[in-house]
Amino acid sequence: MKLTINESAGTITLTAVNDEDRVFIEAVAARTALLNVLKYDGRDSRINALFFKIDENRLTLRTETDADRQVMGVVRDAIFYGHTGGLIYLGLNVEDPDSIIVTCGRCKGCGRNLIHRHETASEICDDCATRCHHHYVQGHILSHKGLAEGLYCKYCMRAKPDQQLAFQKGMQVL
Ligand SMILES: [Zn+2]
Ligand SMILES: [Zn+2]
């Protein structure tokens, strides 16, 4: 599968490059209602695959190239740390019959689509976080380097700027 991130729209376009991918795309398009969640069902990094479930059927999303694998890592983290439990189906890519559009979460402040883990974990997008009236508390936060201890805002879950975070050894985030 080819995975294309659209940062400004907060979406990922999945485009089939082989028959296995076409089965995936067709199953999602035929059996998932708009805005419904395609449930995450684990991964197998040995074969570069994420699994999803529709009813009782397990679908395989497999990548071939390094670039696609990288985007797949972003997607997997966004799902793993997020609240959606999978991918939100946003519909067909009308320009290509072998292609669909998904996202990983929604901002509680403005409804924007979210595809990065620090945003899906808080369900607050970066724009809304800049307008947040922060209320800092001590605790564990997920930063781009891993799990850390420090002051974070209990509303937008962003770390307090300019503080030294204590990173937890051996807790490197994937
Ligand atoms: Zn927002
Ligand atoms: Zn805040």
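Which residue is the bridge partner of Leu-14 in S7? The answer is Ile-100, and the paragraphs below show where that pair sits. This is a predicted model, in which local features need pLDDT of at least 70 and side-chain atom pairs count only at pLDDT 80 or more, while totals for chains, interfaces and linings use all residues. Residues are numbered from 1 along each chain as its sequence is written, and chains are lettered from A and ligands numbered from 1 in the order in which they are written.

Let us start with the whole chain. It holds four helices and 12 strands; helices (H or I, at least four residues) and strands (E, at least two) are DSSP runs, numbered from the N terminus. The radius of gyration is 17 Å, close to the 16 Å that the globule rule gives for 174 residues, so the chain is as compact as a globular protein of that length. Here the radius is taken over C-alpha atoms, and the globule rule is 2.2 Å times the number of residues to the power 0.38. Along its principal axes, the C-alpha trace spans about 50 × 35 × 30 Å. Of the 174 residues, 29% count as buried. A residue is buried if 20 or more other C-beta atoms lie within 10 Å of its own, exposed if 12 or fewer, and partly exposed in between, with C-beta atoms placed from the backbone.

The domain assignment splits the chain into domain 1 (2-106) and domain 2 (132-174); such bounds come from an automatic or database domain assignment. Taken over C-alpha atoms, the centres of domain 1 and domain 2 are separated by 29 Å.

Now for the seven-stranded sheet. This open sheet has the order S1-S2-S7-S6-S3-S4-S5, with antiparallel pairing; two strands pair if DSSP finds at least two bridges between them. S1 and strand S5 (57-62) stand at the edges with a single partner strand each, so one side of each is left without a neighbour in the sheet. From one strand to the next, the twist averages 35°. Axes are lines fitted to C-alpha atoms, for helices over the stretch in contact, and angles run from 0 to 180 degrees between N-to-C directions.

At one edge, strand S1 (residues 2-6) and strand S2 (residues 11-15) run antiparallel and are joined by five bridges. Together S1 and S2 form a hairpin with four residues between them, and Gly-10 in the turn has a positive phi of about 70°. Next, four bridges join S2 to strand S7 (residues 99-103), again antiparallel, and this is where Leu-14 meets Ile-100. At the other edge, strand S4 (residues 49-54) is joined to S5 by six antiparallel bridges, with Leu-61 in S5 as the bridge partner of Leu-50.

Thr-13 is a good residue to pause on. Its place is in strand S2, and it stands opposite Thr-4. Thr-13 is partly exposed, with 19 other C-beta atoms within 10 Å. It touches Thr-4, Asn-6, Asn-93, Ser-99 and Ile-101, not counting residues up to four places away in sequence; two residues are in contact if their C-beta atoms, placed from the backbone, lie within 7 Å.

Two helices accompany this sheet. Helix H1 (residues 19-31) lies across S2, strand S3 (37-44), S4, S5, strand S6 (86-92) and S7, running at about 130° to S5. Helix H2 (residues 66-81) packs on the sheet, touching S1, S2, S3, S4 and S6, and its direction makes about 65° with that of S1. Among the buried residues of H2 are Val-71, Met-72, Val-75 and Ile-79.

Further along, Ile-124 is found in the loop between helix H3 (117-122) and helix H4 (126-130). Is Ile-124 buried or exposed? Ile-124 is buried, because 25 other C-beta atoms lie within 10 Å. Although Ile-124 and Cys-156 are 32 residues apart in sequence, they are 5.9 Å apart in space, C-alpha to C-alpha.

Finally, three strands form an open sheet in the order S10-S11-S12, with antiparallel pairing. Strand S10 (136-143) and strand S12 (166-167) stand at the edges, each with a single partner strand, so one side of each has no neighbour in the sheet. Strand S11 (residues 146-153) pairs with S12 over two bridges, and Glu-149 stands opposite Ala-166 in S12.
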